[in-house]
Amino acid sequence: GSMAFRKRIVLFGDSLTEQSFSVGGWGARLADLFGRKADVINRGYSGYTTTTAQPLLAHVFPLSDENLLVTIFFGANDSAKPREEYSQHVPLAEYQANLCTLIQHVKKTTKHIIVISPPPVDAARWPSRSNDLVQGYASAAAAAAKSEGVLFVDAFNTMIQKPWMSFLDDGLHFSPEGCEFLFEQIKQALPVDVDKLPVDFPLWKEMDPADPHGSVTPAAIARLPYPCWSPSA
């Protein structure tokens, strides 16, 4: 039917996304928030940039997919200083253009998109990074989101106003506190009311042990006092 069994949310990004399913991670918190209503799928690729992510688009977001929400969270590597050996650096204008390309493809499969800016970084522990640089990339991410008409979470500017060093465990990746903070920012930006999303199948008290199959007919589900997915929807 037209209504998918359980909606899909995809988290697309670098290591800050790949690690987001760790205990207390911001992705794990989202999966918990959307429990029984949407499957949260982690598509994080450690060390990737908006340049190296380009060939992934067709595979991570095949046009046959229908996603409720996608987060796009790149820039922590793009904003690294250029260097002689293998360089993750992506020039600022190129980063913004790349981000627009990512957004444009994801739009074809997805109802809502949230772009997340790269967060602050401890340059003392990561000399290849600096907040002066990251701030520019955060602004470019904001500009890309605005030009494409999608939502934006400014991890950099919201975190930098707080005791942000406690938000990082190794100076670049999130601590549990950082994950909790980012999760709250994403939650505030969510364009959907989680309470109004359908659960799949009736809550257990509405399942009649004498007639379990009869409990999931469209007629039975239509009588429920809450939104619920039914097999023939």
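**Salt bridges in the predicted model**

Arg 125 has a relative accessible area of 44%, which makes it partly exposed. In this predicted model, the side chain of Arg 125 forms a salt bridge with that of Asp 122, at 3.0 Å from N to O. Asp 122 is buried, because its relative accessibility of 8% falls under the 20% cut-off. This bridge therefore pairs a partly exposed arginine with a buried aspartate.

Salt bridges also join Arg 6, Asp 39 and Asp 200 into one network through shared partners. Within this network, the side chains of Arg 6 and Asp 39 meet at an N to O distance of 3.4 Å. The two residues belong to distant parts of the chain, 33 residues apart: Arg 6 sits in the segment before β1 (7-13), and Asp 39 in strand β2 (residues 38-44). Arg 6 is partly exposed at 24% relative accessibility, and Asp 39 is also partly exposed, at 37%.

Another bridge involves strand β1 itself. The side chains of Asp 65 and Arg 8 form a salt bridge of 3.1 Å, N to O. Asp 65 lies in the loop between α3 (57-60) and β3 (67-73), while Arg 8 is in strand β1, so the contact ties together parts of the chain 57 residues apart in sequence. Asp 65 has a relative accessible area of 18% and so counts as buried, the limit being under 20%. Arg 8, at 24% relative accessibility, is partly exposed.

The bridges described here are among the six salt bridges that a search of the whole structure finds.

Technical notes:
Residues are numbered from 1 along each chain as its sequence is written. This is a predicted model: local features need pLDDT of at least 70, side-chain atom pairs count only at pLDDT 80 or more; totals for chains, interfaces and linings use all residues. Side-chain values use heavy atoms; hydrogens and water are left out. A salt bridge is a side-chain nitrogen of Lys or Arg within 4 Å of a carboxyl oxygen of Asp or Glu. Helices (H or I, at least four residues) and strands (E, at least two) are DSSP runs, numbered from the N terminus. Buried means under 20% relative accessible area, exposed over 50%, partly exposed in between (1.4 Å probe, protein chains only).
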